[in-house]
Amino acid sequence: MGRITSFADLMGMIKDKASQSKAALVSSNTKSKTISFHLSVLRATTHDPSTPPGNRHLAVLLSAGTGSRATAASAVESIMERLHTTGDACVALKSLIIIHHIVKHGRFILQDQLSVFPASGGRNYLKLSGFRDEKSPLMWELSSWVRWYALYLEHLLSTSRIMGFFISSTSSTIHKEEYEEMVSSLTNSDLLREIDALVGLLEEACKIPDLPFSGGKSLADKITHLVGEDYVSSINELYTRFKEFKERSNTLSFGDTIELVCALKRLESCKERLSEICHGNWKRGWIDGFWGLVLEVKGIIGNLEDNYGQIEKSIVGFGTREKGYESARFTDRLTIGYGDAVRFSSGRFLNVDRFNFPVSGGRL
């Protein structure tokens, strides 16, 4: 626990001790895995703004993926219950960090339970768009992080549904040759749909709030690091798809060409902000190589500059949406309705595993 600087900090510490003691007492009298996971969630999501969830508690929750589907469901239920019943920004952020860890490090059975919770789905299924914690200036600042992070994770889950696997997940791998063969078998429409979703995820990442002035830097740094890893994973996926379009450039229809140009323009508008998020030792060669490919594809598709300008002018009359960079092809882009489950296609997920470029090394 960090240093107590206010009455709110003291109350948060008392709440943590009380809830953990109660859960521990119940756990000592029963062997229920649900109680065990609930206790781990409480310990990982304290009211302390100075510490993110501990690795030991995260490991316990991730271990739910080694058990039955019911075990995984009970762990996810404990996390969601904590998230949806708290009014504290620190607790909410830590709960969201746990969800992000499941997406990245959880086994498929645990990820699958997360992807379908709750059964009713809903565009705002994390239900935090109106989150406000007004206890202190710090909590007010962190509230903006909660709202953005929940929306970002919703984008991450919906993008993963479109892709057929969880972005940035380390749970499955495939040889590069097999992966590229799978991508080459996709239609232009499927490739464009996946590119649109990946670019949309990066656009949402660019909306990350500024670091809080009043504290909570460790939480913000943890979240930024996880988002940075998603960025690297996303450009790996985009790299393979842009490379495929480079090979198909002579056979693209005019409509497909416009869609690709739109995606490239949207992506380029994110470059500066993404470089701010993904700073430090992030294998700059990878990232620079990716942006080099973006320019190369843009040059090929646009016939260096003349045709690109002609295509650019055609966008206005082709049918645009949102920021004007996407055509009507994607008006049916996935939105998770309140009556729909966020379930993945398990067949594709299990039979066609993804190729995983390691975040810490390798090449595009």
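What share of the contacts in the chain between residues at least 6 apart in sequence join residues at least 24 apart? The share is 82%. The model is a predicted one, and the values below are computed from it.

**Overall make-up**

The chain contains 14 helices and two strands. Of its 364 residues, 53% count as buried. Its accessible surface comes to about 16,300 Å², and carbon and sulfur atoms account for 52% of that area.

**Salt bridges**

Side chains of opposite charge can pair when their charged atoms come close. A search of the whole structure gives 15 salt bridges. Three of them are set out here, with the separation of the closest N and O atoms.

| Salt bridge | N to O separation | Citation |
|---|---|---|
| R69 and D112 | 3.0 Å | |
| R266 and D196 | 2.8 Å | |
| R241 and E237 | 3.3 Å | |

In the salt bridge of R69 with D112, R69 belongs to helix 4 (residues 69–85) and D112 to helix 6 (residues 108–115), so the pair ties together parts that are 43 residues apart in sequence. R69 has 42% relative accessibility and counts as partly exposed. D112 is buried, at a relative accessible area of 2%.

The salt bridge of R266 with D196 also links two helices: R266 lies in helix 11 (residues 254–277) and D196 in helix 9 (residues 188–205), so parts that are 70 residues apart in sequence are tied together. R266 has 2% relative accessibility and counts as buried. D196 is likewise buried, at 2% relative accessibility.

R241 and E237, which meet in a salt bridge, are four residues apart in helix 10, and this separates them by about one helical turn. An α-helix has 3.6 residues a turn, so residues three or four places apart point the same way. Both R241 and E237 are buried. Elsewhere, D88, D133 and K135 are joined into one network by salt bridges that share partners.

**Aromatic pairs**

How many aromatic pairs does the count come to? The count is five. In the pair of F242 and F290, the ring centres are 6.2 Å apart and the planes stand at 25°; planes under 30 degrees apart count as stacked, so the pair is stacked. F242 lies in helix 10 (residues 217–248) and F290 in helix 12 (residues 284–301), so this pair ties together parts that are 48 residues apart in sequence. F242 counts as buried at 0% relative accessibility, and F290 counts as buried at 0% relative accessibility.

F290 also pairs with W291: the ring centres are 5.2 Å apart and the planes stand at 70°, so the pair is edge-to-face. W291 has 6% relative accessibility and counts as buried. A further group, made of W145, W148, Y149 and Y152, forms one aromatic cluster.

**Helix 12**

Helix 12, which holds F290, has 18 residues. From its first C-alpha to its last it reaches 26 Å, close to the 26 Å expected at 1.5 Å a residue. The buried residues of helix 12 are W286, I287, F290, W291, L293, V294, V297, G299 and I301.

**Helix 8 and the loop before it**

Which residues of helix 8 (residues 176–184) are buried? They are Y179, M182 and V183. Seen down the axis of helix 8, these buried residues fall within an arc of 100°, so they line one face of the helix. The face turned away from the buried side of helix 8 carries the exposed residues E177 and E181.

S168 lies in the loop between helix 7 (137–163) and helix 8. Is S168 buried or exposed? At 2% relative accessibility, S168 counts as buried, because buried means under 20% relative accessible area. The phi angle of S168 is near 75°, a positive value in a residue other than glycine.

Definitions and conventions. Residues are numbered from 1 along each chain as its sequence is written. This is a predicted model: local features need pLDDT of at least 70, side-chain atom pairs count only at pLDDT 80 or more; totals for chains, interfaces and linings use all residues. Side-chain values use heavy atoms; hydrogens and water are left out. Buried means under 20% relative accessible area, exposed over 50%, partly exposed in between (1.4 Å probe, protein chains only). The arc is that of the directions from the helix axis to the C-beta atoms. Rings of Phe, Tyr and Trp (its six-membered ring) pair if their centres lie within 6.5 Å; planes under 30 degrees apart count as stacked, over 60 as edge-to-face and the rest as tilted. A salt bridge is a side-chain nitrogen of Lys or Arg within 4 Å of a carboxyl oxygen of Asp or Glu. The expected span of a helix is 1.5 Å times one less than its number of residues. Contact means heavy atoms within 4.5 Å. Accessible areas come from the Shrake-Rupley method with a 1.4 Å probe; for residues, only the protein chains shown count as cover.
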